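Please load the model in your viewer and keep the selection panel at hand. The stops below say what to select next and what is to be found there.

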Amino acid sequence: MIRRITVRACGLVFLLTAIGVVFSGWTPLPSTGTDSGHEPGDRVESTGPAPTPEYAENGMVVSAKRRASEAGVEMLRKGGNAVDAAVATGFALAVVHPWAGNIGGGGFMVIRMPAGSVTTIDHREEAPSGATQDVYLDDEGNAVRERSRRGYLASGVPGTVAGLLKALDEHGTLDRETVMAPAIRLAREGFPLPHSLAEDLNDAYEDFAAFPPSKKYFTKGDSTKTYRVGEMFVQKDLAQTLIRIRNQGKDGFYEGRTAELLAEQFQENGGLIDEQDLAEYEAVERDPVSTTYRGYEVHSMGPPSSGGVAIAQLLNAAERKPIEKMGFNSSSTVHYLGETMRRVYADRAKWLGDPDHVEVPTEGLIQKDYMRDRMASFNSDRITPSDSVKAGQPMLASESMETSHYSVADSSGMAVSVTTTLNSGYGSKVVIDGGGFFMNNEMNDFVLKPGVPNLYGLSGTKRNLVAPGRRMVSSMSPTIVEDPQGQLFMVIGAPGGSTIITTTFQVIMNVIDHGMDIERAISAGRIHHQWKPRILSYEKNTLPQDVTWNLRARGWPVEMGVFGGIPRWGRAQGLRIKHPADPQGPSVTFHGSSDPRGTGAAVGL
Ligand code: DON
């Protein structure tokens, strides 16, 4: 049974290593943890074994849609590497997953080379040159949130095409024609609408009807005519857009017909993006943010994403406690993790910004001692009063610091971890007429006004104000983990707005500390705290009643499900690599899982 949840995450993640097909339905996984300390209470037993992960011996692709995973595996079968497969998956998602897959959005990619070096490609959207803070304020200086959420003003200059092609040019082995073939085929010939997409499109009718091109491409013209499961969904203009990219590379999107259509429609409808903004857009290669966790090396995305820094901080704090012994989701574990999350998200709000425009103290924030100091006020019996949980003062970077963490041991496995998004579902809801693709509403990830939170309840400071050419702070956290021997161990990431960070962090802990397989680690119930609002949230079937009692006794405002009105639980897509103990024995094996909260698939070869 595939369980569909009505609150859907909109960013998406796809993950690859160099190559099985199984999607297992989701049975909610109750906590197997209970409370060892404090009062005895109810214990909720697991209702049964979790499904097993997808298994393969030659590589694997895990993404939010099966057809996109298959597009990637097609590349592996042709002899391509993980980057070829990632790029094919990315373009295919832009066709089969218009909710979040995109060419009108942006994202981040972490790549691990076969020899073990790790790099990242920042292809985050950028504020157009005409963007100023005033654009999102009314005459009285109040933030007008809607302008950054919907319509032409909401979009930043898209980065996806530049990012995918940069990765392909620099690290791929197949040509554009080959890697884009599945996406073009899916757009031109169409694909049978799965239930989830047919229903999504029908539900979004009113949103699309507000913009004639969106109505033209993604509705049947009036609200009484609905999409049916299984009918072929053909996107001819999108196919032509993809063909221009295939034929001309980056220029096929950022210059020429697509750029003209995009700029013209933005200028006509009060948007900011012009042809020069498009022509000047570049994806940027950056060093990863790396840390160690109990001997494992964790590499993730640095600023302008907050993901890598926040995950490093969370892991640095978790490493200070015997999490395994404290128990999976016991009250003492949740209490400690909740306190950690509060502090880390307070830092995120204060310190994160685009490193090309503002100084971000990345190295100071990810030092091990920094989190030691940040956790000094932790009290195992009581929550730290909210008034005293504020951003910390990161130490100055020392030369030797994290540089060492960027060098990794030899391994034969190449891996790619990508998170891409339009921000909210279908982004700004605007489709480019003649182009057939949705544009992002990523401008909402800027601070519209200090104190005004974004869609995910996240706030920030002047470091993340709107400015021309600036990239907005993100939570996207594509991550690659290596084992203590320096071998590729895990590829992981998630969509889910502000819960991306805590999702990725908990899945890593579930595998390393609690010894879960990747399927269980991903499906296990989660907790989340993001400093503001003050609530400690937990997913349904996650915390036994004695744990919530004991958390309340410590002073936590605890809430199940939706936190503070912000409905997002990350949907992780991950895989784990197992290396044989006997080097002469069988080769490495790939174990993958697509989060059962969504409708994706792990496909192996
Ligand atoms: O960059 C970010 O952090 C957000 N724009 C991600 C949005 C997201 O994950 C949407 N899914 N719920």
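Begin by selecting helix 12 together with helix 14 (residues 331-351) in this predicted model: the two pack at an angle of about 145°, and their axes lie 10 Å apart. Their crossing is right-handed. To display the contact itself, show Ala 310, Gln 313, Leu 314, Ala 317 and Ala 318 on helix 12, and on helix 14 show Tyr 336, Leu 337, Thr 340, Met 341, Val 344 and Asp 347.

Next, bring up the open sheet of seven strands, whose order is 3-19-18-14-13-11-10 and whose pairing is antiparallel. Its edges are strand 3 (54-56) and strand 10 (289-293), each of which pairs on one side only. Going from one strand to the next, the twist averages 20°. Within this sheet, select strand 11 (residues 296-300) and strand 13, which run antiparallel and are joined by three bridges; here His 299 stands opposite Ile 480 of strand 13. Helix 12 (residues 307-318), already on display, packs on the sheet, where it touches strand 10, strand 11 and strand 13, and its direction makes about 15° with that of strand 10. Now add helix 18 (residues 499-512), which also packs on the sheet and touches strand 10, strand 11, strand 13, strand 14 (488-492) and strand 18 (573-578), with a direction at about 150° to that of strand 14.

From strand 13, step back along the chain to Arg 463, which lies in the loop between strand 12 (415-421) and strand 13 (479-482). Which residues does Arg 463 touch, if those up to four places away in sequence are not counted? They are Lys 350, Trp 351, Leu 352, Gly 353, Asp 354, Val 358, Glu 359, Val 360, Pro 361 and Arg 470. A C-alpha distance drawn from Arg 463 to Pro 355 should read 9.5 Å, although 108 residues separate the two along the chain.

The other end of that loop leads to strand 12, where seven of the seven residues are buried, so the strand is largely enclosed by the rest of the structure. Show its side chains and look at the two directions: Ala 415, Ser 417, Thr 419 and Thr 421 point one way, Val 416, Val 418 and Thr 420 point the other way, and all are buried. In a regular strand, side chains alternate between the two faces of the sheet. Then select strand 5 (residues 106-112), which runs antiparallel to strand 12 and is joined to it by seven bridges; Met 109 stands opposite Val 418.

Move now to helix 2 (residues 82-96), whose 15 residues reach 20 Å from the first C-alpha to the last, close to the 21 Å expected at 1.5 Å a residue. Is this helix enclosed or open to its surroundings? It is largely enclosed by the rest of the structure, because 15 of its 15 residues are buried. At its start, a side-chain oxygen of Asn 81 comes to within 3.0 Å of the backbone nitrogen of Val 83. A C-alpha distance from Val 83 to Asp 169 gives 9.7 Å, across 86 residues of sequence. Asp 169 belongs to helix 3 (residues 160-171) and is exposed, with a relative accessible area of 58%.

For a contrasting residue, select Ser 63 in strand 4 (residues 60-63), which counts as buried because its relative accessibility is 0%. The Ser 63 side chain makes a polar contact of 2.9 Å with the side chain of Ser 69.

Helix 10 (residues 256-268) is the next selection: its 13 residues should span 18 Å at 1.5 Å a residue, and its end C-alpha atoms are indeed 18 Å apart. Its buried residues are Thr 258, Ala 259, Leu 261, Leu 262, Ala 263, Gln 265 and Phe 266, and what covers them includes helix 8 (236-248), helix 9 (251-254) and helix 11 (275-280). After helix 10 comes Gly 270, with a positive phi near 80°.

Finish at the open sheet of three strands, ordered 15-16-17, in which the pairing is mixed. Strand 15 (527-528) and strand 17 (558-560) are its edges. Two bridges join strand 15 to strand 16 (residues 536-538), and these strands run antiparallel; His 528 has Ser 537 in strand 16 as its bridge partner.

Technical notes
Residues numbered from 1 in each chain as written. Predicted model: local features only at pLDDT ≥ 70, side-chain atom pairs only at ≥ 80, totals over all residues. Heavy atoms only, no water. Helix = DSSP H or I, 4+ residues; strand = E, 2+ residues; numbered from the N terminus. Expected span 1.5 Å × (residues − 1). Buried < 20%, exposed > 50% of the residue type's maximum accessible area, 1.4 Å probe, protein only. Polar contact = N/O pair within 3.5 Å; in protein donor to acceptor, adjacent residues only side chain to side chain. Contact = heavy atoms within 4.5 Å. Pairing = 2+ DSSP bridges. Axes fitted to C-alpha atoms, helices over the stretch in contact; angles between N-to-C directions. Left-handed = near helix turned anticlockwise from the far one by under 90°.
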